[in-house]
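Work through the exercises below with the model open beside you. Try each task before you read its solution.

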Amino acid sequence: MHNPLFLVLTVIFSSLVVQPVMGAKGFSVELIHLDSPISPFYNASLTSSQILRKNALHSMDRLKHFQFLIDQSAIQSAVTPNGGIYLMKLSFGTPPVDYMTVADTGSDLIWIQCVPCLQSQCYPQGSPPFDPQASSTYKKIPCDSDSCQALPRYQCSNDVNDCQYSYSYGDKSFTKGILSTDTLTFDDSNGQKTAFPTSIFGCGHNNQGKFRSPSAGLVGLGGGPLSLASQISNQIDNRFSYCLVPRSASSSSKLLFGQEAIISRPGAVSTPLVSKTPQTFYYLSLEGVSIGDKTAEAGSSQGNIIIDSGTTLTYLESSFYSSLETIVKDAIGVDPVKDPSGTFSLCYGAKTNISVPEMVFHFSGADLLLQPENTFRINDGLFCMLIVPSDSLSIFGNYAQMNFQVEYDLQKRTVSFAPTDCTKQ
């Protein structure tokens with residue numbers, strides 16, 4: 001998918017039957033950035049600047065599709081399904097069968113390719129599609145169920161009561177099939193197994209567009225009722241968190257559920273989640289950004305920014321960005337250089353001896369101090385700010401979140417941040 005979460009989530013599964021029990025502390029899984037040198041999909045022919053520019057372009061597409069979804073009142077999903085950055089291995093069914101899927105906090109529906117799946121209607125995924133008839137725990141969901149009616153689009157035929165879903169994406173890619181339930185199984189990073197029976201997912205029989213191997217489908221982690229995070233919320237104490245390592249790290253990131261997700265280290269700050277439409281997205285209130293004693297203030301702050309680990313850059317509404325750029329330039333005190341690619345708005349010569357200022361993002365009730373690694377990066381001989389203007393909405397991207405443990409408490413409706421060396425998480 002275009003940028004669904006710039007990481008690869010690796011969870012290894014076995015063919016053992018797993019009891020639907022979770023440890024008291026919850027569970028955690030490893031996250032590996034798709035473009036990390038330790039990723040199985042690492043492309044050594046790309047330079048770090050090419051990778052950054054590719055991810056930045058995907059971020060721009062993601063911003064457009066987020067706005068599209070908001071404008072369309074959740075008729076279509078925001079994610080474009082090419083160039084996915086989080087890959088999650090999980091098993092479906094009994095006995096469990098492993099599949100690699102794209103994990104995305106910016107969408108809700110879980111779906112995988114299922115047989116029957118004609119070559120003209122399914123894309124190559126590197127493994128056979130899921131066969132529901134081979135699973136003893138697979139069931140179809142009836143059309144009159146609450147789960148079916150929670151979909152943006154569904155239909156029923158006169159002769160069967162199956163919930164036939166149709167889920168489209170902003171780039172006209174789509175998945176169509178039968179809404180179903182089966183057991184999903186996770187291996188956590190400590191080797192323990194956790195199974196969630198009767199998990200709701202789409203068994204996709206017609207999946208076309210920009211989907212590509214090795215992904216067999218998508219796992220939504222957004223705020224809507226059909227997402228994985230919402231479905232298992234009671235079993236994970238209504239919370240999950242992640243800790244993203246810097247791109248140069250040779251270790252993996254972590255995604256944590258339940259008690260393991262709780263921030264236990266000092267220095268944590270919390271800000272409320274704001275309920276808005278569509279409920280898929282996690283909205284926060286950003287009041288301003290300061291450097292030293294100067295502050296760029298947001299025009300309006302209530303629910304004005306989406307926190308998204310699938311977007312590389314941080315986007316700020318244009319006038320807000322303009323104010324921030326002014327105080328950044330004043331703090332650096334060196335003439336900027338234009339980015340020939342037009343990807344970044346504020347750059348300096350990489351050989352220029354500049355000192356990147358610390359920035360404080362003032363969320364409602366939470367002042368978050370960002371380090372230079374969160375806000376600037378080398379790009380083709382330039383040193384560029386990873387914050388750019390947006391004509392529509394604002395997004396707090398994943399570079400800004402690196403080396404923080406970010407905890408989502410879905411019951412208290414808060415997001416908390418704690419500075420962390422995520423390589424040691």
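**Exercise 1. State how much surface the chain exposes and how much of the chain is buried.**

Step 1. The chain exposes about 16,800 Å², and carbon and sulfur atoms supply 49% of that area. Accessible areas come from the Shrake-Rupley method with a 1.4 Å probe; for residues, only the protein chains shown count as cover.

Step 2. Note the ground rules. This is a predicted model, in which local features need pLDDT of at least 70 and side-chain atom pairs count only at pLDDT 80 or more, while totals for chains, interfaces and linings use all residues. Residues are numbered from 1 along each chain as its sequence is written, and side-chain values use heavy atoms, with hydrogens and water left out.

Step 3. Of the 425 residues, 58% count as buried. Buried means under 20% relative accessible area, exposed means over 50%, and partly exposed lies in between (1.4 Å probe, protein chains only).

Step 4. Add the elements: the chain has six helices and 28 strands. These are DSSP runs numbered from the N terminus: helices (H or I) of at least four residues, strands (E) of at least two.

**Exercise 2. Describe the largest nonpolar core.**

Step 1. Recall the term. A nonpolar core is a set of buried Ala, Val, Leu, Ile, Met, Phe, Trp, Tyr and Cys residues joined through side-chain atoms within 4.5 Å.

Step 2. The largest core has 88 residues; Ile307, Leu324, Met359, Phe361 and Phe396 touch the most other members. Helix H4 (residues 318-332) gives the largest share, six residues. Domain 1 (27-257) and domain 2 (266-419) each supply at least three residues. The domain bounds come from an automatic or database domain assignment.

Step 3. Look at Met359. Leaving aside neighbours within four places in sequence, its contacts include Val289, Leu324, Leu368, Phe376 and Ile387. Contact means heavy atoms within 4.5 Å.

Step 4. Find the second, separate core. This one has 15 residues, among them Trp111, Leu179, Leu218 and Leu226.

**Exercise 3. Place strand S11 among its partners.**

Step 1. Strand S11 covers residues 217-220. Gly217 and Val219 point one way, Leu218 and Gly220 the other way, and all are buried.

Step 2. S11 pairs with strand S4 (residues 97-104) in the parallel sense over three bridges. Two strands pair if DSSP finds at least two bridges between them. Val102 has Leu218 as its bridge partner in S11.

Step 3. S11 also pairs with strand S5 (residues 111-113), in the antiparallel sense over two bridges. Here Ile112 stands opposite Gly217.

**Exercise 4. Compare two of the disulfides.**

Step 1. A disulfide is a covalent bond between the sulfur atoms of two cysteines. The cut-off here is a pair of cysteine sulfur atoms within 2.5 Å. The structure holds six disulfides.

Step 2. Take Cys143 and Cys156, with sulfur atoms 1.2 Å apart. The torsion about their S-S bond is about -55°, so this disulfide is left-handed. Cys143 lies in the loop between strand S6 (139-140) and helix H2 (146-149), and Cys156 in the loop between strand S7 (154-155) and strand S8 (164-168), so the pair ties together parts that are 13 residues apart in sequence. Cys143 is buried at 5% relative accessible area, whereas Cys156 is partly exposed at 39%.

Step 3. Take Cys347 and Cys384, with sulfur atoms 2.1 Å apart. This link is right-handed, with 105° about the S-S bond. Cys347 sits in strand S20 (residues 347-349) and Cys384 in strand S24 (residues 382-385), 37 residues apart. Both Cys347 and Cys384 are buried.
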